[in-house]
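User: Hi! I'd like a close look at one lysine, followed by a tour of its wider setting in the fold and the ligand sites. Here is the model I have in mind.

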Amino acid sequence: MDLQQYQSAKLVLLGDMGAGKSSLVLRYVKGTYFDDLAATVGAAFLTKVIHELGIKFEIWDTAGQERYHSLAPMYYRGAKAAIIVYDITSPESFARAKNWVRELQRQGNPDMIMALAGNKADLEEHRAVSPDEAQAYAAENGIYFVETSAKTAANVSELFMDLARKIPKVEATPKPPQAGIALDSQPAAAPRSSCCG
Ligand SMILES: Nc1nc2c(ncn2[C@@H]2O[C@H](COP(=O)(O)OP(=O)(O)OP(=O)(O)O)[C@@H](O)[C@H]2O)c(=O)[nH]1
Ligand SMILES: [Mg+2]
């Protein structure tokens, strides 16, 4: 497929500070992981092309710090998909995730595909949010749910790929005719007699 025909899809990550939004994006886009990632300031922008699906993700990784909350609509407006991230060791982050879901349901694009990601699944011994509770919440709200680990990479590409598959296909717009191909025998400068009199 011609890269120009790839469908662009804006994807936003939202969630509590430290939940692992940037770690998930970096794991997925660059295949890297850091134990000491700096908190995101404002938002970070990355892209990822999924050749199999002809999709180009335009990813906005937002800052979880409360003082950036008012900027969020700028990043989720027009988004085709959202990943709301919480940390399975933090009930506060799960509560915050639910607040994000509510905000998107009220103010987001109504066709937005949402996923709830319970991250840091490798920290099972510190688990404080049960998968059953999160799954039940997600099901009630018609959201896709998965537990992930940016650290071990568990379910990370699956999360992004499953979202990408759920994005409705838009018909590729036909390319404009190329210069030099005559589609009309009328000379370009022919007087337009029938119009706009
Ligand atoms: N054990 C474990 N730690 C993780 C995982 N993902 C992220 N972390 C840790 O959590 C820290 C914070 O992760 P970030 O990706 O920066 O979190 P964030 O959601 O982007 O945070 P803000 O940018 O402040 O909103 C990282 O530096 C890692 O140490 C994970 O899957 N497992
Ligand atoms: Mg971040």
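Does Lys-10 count as buried or exposed, judging by its relative accessibility?

Analyst: Happy to walk through it with you, bearing in mind that this is a predicted model. Lys-10 counts as buried, because its relative accessibility is 18% and the cut-off for buried is under 20%. The residue is found in strand β1, which covers residues 7–15. In space, the C-alpha of Lys-10 is 4.6 Å from that of Ala-79, even though the two residues are 69 apart in sequence.

Now let's set that lysine in its chain. The protein chain has 197 residues, and 43% of them are buried. Its secondary structure comes to 5 helices and 6 strands, and from the N terminus on the elements run β-α-β-β-α-β-α-β-α-β-α.

A polar contact also reaches Leu-13: the side chain of Thr-62 comes to 2.6 Å from the backbone oxygen of Leu-13. Thr-62 is found in strand β3, and with a relative accessible area of just 4% it is buried.

Strand β3 also takes us to the aromatic residues. The model has 5 aromatic pairs. In one of them, the ring centres of Phe-45 and Trp-60 are 4.7 Å apart and the planes stand at 45°, so this pair is tilted. Phe-45 belongs to strand β2 and Trp-60 to strand β3 (residues 55–62), so the pair ties together parts that are 15 residues apart in sequence. Both residues keep some access to the outside: Phe-45 is partly exposed at 43% relative accessibility, and Trp-60 is partly exposed with a relative accessible area of 25%. Trp-60 forms a tilted pair with Tyr-75 as well, at 5.1 Å centre to centre and with 35° between the planes. Because Trp-60 lies in strand β3 and Tyr-75 in helix α2 (residues 72–76), this pair too ties together parts that are 15 residues apart in sequence. Tyr-75 is buried, at 12% relative accessibility. Ring pairs thus link Phe-45, Trp-60 and Tyr-75 into a cluster.

Rings meet charges here too. The charged end of Lys-48 sits over the ring of Tyr-28, 4.9 Å from the ring centre. Lys-98 lies over the face of Tyr-137, at 5.3 Å from the centre of that ring.

Next, the ligand sites. The magnesium ion (ligand 2) has two protein donors, Ser-22 through OG and Thr-40 through OG1, which lie 2.0 to 2.1 Å from the ion. Ser-22 lies in helix α1 (residues 21–30) and Thr-40 in the loop between α1 and β2 (43–50), so the pair ties together parts that are 18 residues apart in sequence. Both donor residues are out of the way of the surface by the numbers: Ser-22 counts as buried at 13% relative accessibility, and Thr-40 is buried with a relative accessible area of 16%.

Thr-40 also has a part to play at ligand 1, where one of its backbone N or O atoms lies 2.8 Å from an oxygen atom of the ligand. A backbone N or O atom of Leu-37 lies 3.1 Å from an oxygen atom of ligand 1, while a polar side-chain atom of Lys-21 comes to 2.7 Å from an oxygen atom of ligand 1. On its own, ligand 1 has 650 Å² of accessible area, and the protein covers 91% of it. There are 24 residues around ligand 1, and those that come nearest are Lys-21, Ser-23, Asp-35, Gly-64 and Asp-122.

Finally, two backbone details in loops are worth a look. Lys-120 has a positive phi of about 70° although it is not a glycine; it lies in the loop between β5 (113–119) and α4 (131–140). At 24% relative accessibility, Lys-120 counts as partly exposed, whereas Lys-10, where we started, is buried at 18%. Ala-153 is likewise not a glycine, and its phi is positive at about 80°. This alanine lies in the loop between β6 (144–147) and α5 (156–166) and is partly exposed, with a relative accessible area of 29%.

Methods
Residues numbered from 1 in each chain as written. Chains lettered and ligands numbered in written order. Heavy atoms only, no water. Donors = N, O, S within 2.8 Å, 3.2 Å for Na, K, Ca; no water. Helix = DSSP H or I, 4+ residues; strand = E, 2+ residues; numbered from the N terminus. Buried < 20%, exposed > 50% of the residue type's maximum accessible area, 1.4 Å probe, protein only. Phe/Tyr/Trp six-rings, centres within 6.5 Å; stacked < 30°, edge-to-face > 60°. Lys NZ or Arg CZ within 6 Å of the ring centre and 35° of its normal. Near = heavy atom within 4 Å. Polar contact = N/O pair within 3.5 Å; in protein donor to acceptor, adjacent residues only side chain to side chain. Areas by Shrake-Rupley, 256 points an atom, 1.4 Å probe, with all protein chains shown as cover.
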